[in-house]
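Let's take a friendly walk through this protein together, starting with its cysteines and then moving on to its strands and helices. Have the viewer open and follow along.

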Amino acid sequence: MGYNKVPCIAFFLWQFISFSLPYHSFAIEVDANATAQLLLDASKGSSRPIPDTLFGIFFEEINHAGAGGLWAELVSNRGFEAGGPNVPSNIDPWSIIGNETFLIVSTDRSSLFDRNKIALQMEVLCDTQGSNICPSGGVGIYNPGFWGMNIEQGRATNSDGLQSLASANVIASASDVSNWTRKEVLLKAEGTNHTSRLQLTTAKKGVIWFDQVSAMPVDTYKGHGFRNELFQMLAEIKPRFIRFPGGCFVEGEWLRNAFRWKETIGPWEERPGHFGDVWMYWTDDGLGYFEFLQLAEDLNALPIWVFNNGISHQDQVDTTSVLPFVQEALGGIEFARGNSSSKWGSVRAKMGHPEPFNLKYVAVGNEDCGKKNYRGNYLKFYDAIKHTYPDIQIISNCDGSNGPLDHPADFYDFHVYTSANDLFSKAHKFDQTSRNGPKAFVSEYAVTGNDAGKGSLKAALAEAAFLIGLEKNSDVVQMVSYAPLFVHTNDRRWNPDAIVFNSSQVYGTPSYWVQRFFVESNGAALLNATLKTNSSAQLIASAITWQSQDGKTYIRIKVVNFGNSSVNLSIDVTGLDPNSEQLTGPTKTELTSTNLMDENSFAEQKKVAPGNPKTLPEGGMDVVLNPYSLTSLDFLKKTVSLRMWEADASSKSSI
């Protein structure tokens, strides 16, 4: 999928004086005796409802998923704050156009914004006349964005990197800009370059201060700031929830660098930003707490807010001192749910969303169960939240799959990163888990290590088998999400990931395509399906009944063949009323490839992706499962109308 064209960019900055803008393959074994039988009970009484929230997504600010990714801001380090609060400071990735005979660039603490005081001062020594004439094109600074800014207009053209795609002049008298003044222009691109940069240049002698320089495409999703084609990748898996903003990003390596929601709301230019010291990069926090809530609403997904509970990787707050963190969490819930006259609800309303967001779930920390203060801190949060918001569902970090928790919770969090064979075996992880007590939230799962590569077929098939197992145990596992979601190819902090992108391109890994097979499972009905085999075939299957948007009812069977032999599958369906119900079809959709370690790439974005559905012969109860494949079969369930014939009235006996 290519990047949507961005003909216009809204550009603004705060300034003092005026300036000018110029393999591993597998052998297929044919075993004539490799057969399997799927016994399927389609009667209404044997089915069980699947939670409407079973499959969702987990967004963490890792791999530049947000900054330089889903968040469409093109300028990196827009407020010059990334170098820290002390001056002089590093302005990276900003660079200087011209040498020290023409200009001097430095930072100072002269910004008008209280929460981000750093500004950039540019003293221009050259001029349009005199002994020190500025070079052609002027002098100034430029920003390359996040490994290049994607600017597109019309047909792509070759560029040497020096082509001017768009320019505008900002002209004002000295009196107009003797104090900080906001300037905004609309830049319309006249060409295409996927690695563009933004330049601020002048040929006039003087001193100019810059702060909060932004370049935002005007065609973001609904104007909410989300990069369109990345948003669309999320929308197409129809997530029913989104867990955010982390992950380790929430904790921080140290508490001083943890994500704090209050610092990420309000006008973008007033946000201080922060250094994410786990994944080691700066974020301006344009994608903040409000934007995450908006993203959930735009996706028609329920937000699941993960907040810091006074614990990071390296330090933690004692339970006796954790009350300020509890108050911060309560304030965050009020920001999302409070009415527009409440303290924090009024802030949300001023940001353009007077109606409350639908926040029903919160997670107290991330992977903190083993920390010495977690249980004590957790109980402080639990009691305070339940007292004020008794309907909020609270998620504990402690795993309750092997035994009861020693503290109250509505859900417990379960994470698993492992090899392909191990994850395949974990499809049965929750078979024996107690159905009493809190439900399971499998918020992070993936195949990692040598089996995964950068997103392999092998990893995806093991994950598909695991998901089938979770689907079959959805009476206790009520929410599931893959991790991580996004990766910018220039900042791979983790392998593999579901969605890969750069400034102008995006594709889904095989793990992404597996999730597409489970879209219809949310809110469906799980059918009783038993798989029998006469061989050592590595198979797992499930069956659901689901309804399409046009009201038609389907039975979907999903089967993973994790072995290197084809298997002849026979399907035996019982429980249908022979007088009023029948199945037609099926259509078959398959995910497989020629090599087990095949991956997708920008050059071959759908090398490992589902093919177009194929209609099998009517009846279709005997299916060949290809080696190393995920197969989905959809049968249309029809209601048959029967006419009741009566004998002629004259032949009826009378009393």
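A good place to begin is Cys126, which is joined to Cys134 by a disulfide with an S to S distance of 2.0 Å. Keep in mind as you look that this is a predicted model. The torsion about the S-S bond of Cys126 and Cys134 is about 95 degrees, so this disulfide is right-handed. Both ends are tucked away: Cys126 is buried, and Cys134 is buried too.

How many disulfides does the structure hold? There are two. In the other link, Cys369 and Cys398 are bonded, with their sulfur atoms 2.1 Å apart. Here the torsion about the S-S bond is 100 degrees, and the link of Cys369 and Cys398 is right-handed. Cys369 sits in the loop between strand E20 (361–364) and helix H6 (374–388), while Cys398 sits in the loop between strand E21 (393–396) and strand E22 (411–418), so the bond ties together parts that are 29 residues apart in sequence.

Are the two ends of this link buried or exposed? Cys369 has a relative accessible area of 17%, which means that it counts as buried, since the cut-off is under 20%. Cys398, at 2%, is buried as well. If you count bonded cysteines along the protein chain, the disulfides follow the pattern 1-2, 3-4. Cys248 takes part in no disulfide; the nearest cysteine sulfur belongs to Cys369 and is 15 Å away. With a relative accessible area of 14%, Cys248 is buried.

The loops that carry Cys369 and Cys398 adjoin strands E20, E21 and E22, and these strands lead us to the sheet. It is an open sheet of eight strands, paired in parallel, in the order E5-E16-E19-E20-E21-E22-E23-E24. At its edges are strand E5 (57–58) and strand E24 (477–480), each pairing on one side only.

To see one pairing in detail, look at E22 and strand E23 (residues 439–447), which run parallel over seven bridges. Among the residues involved, Phe411 has Lys439 of E23 as its bridge partner.

Now add the helices. H6 packs on the sheet, where it touches strand E19 (302–307), E20 and E21, and its direction makes about 175 degrees with that of E21. Helix H8 (residues 457–472) lies across E22, E23 and E24, and runs at about 170 degrees to E23.

Methods: Residues are numbered from 1 along each chain as its sequence is written. This is a predicted model: local features need pLDDT of at least 70, side-chain atom pairs count only at pLDDT 80 or more; totals for chains, interfaces and linings use all residues. Side-chain values use heavy atoms; hydrogens and water are left out. A disulfide is a pair of cysteine sulfur atoms within 2.5 Å. Buried means under 20% relative accessible area, exposed over 50%, partly exposed in between (1.4 Å probe, protein chains only). Helices (H or I, at least four residues) and strands (E, at least two) are DSSP runs, numbered from the N terminus. Two strands pair if DSSP finds at least two bridges between them. Contact means heavy atoms within 4.5 Å. Axes are lines fitted to C-alpha atoms, for helices over the stretch in contact, and angles run from 0 to 180 degrees between N-to-C directions.
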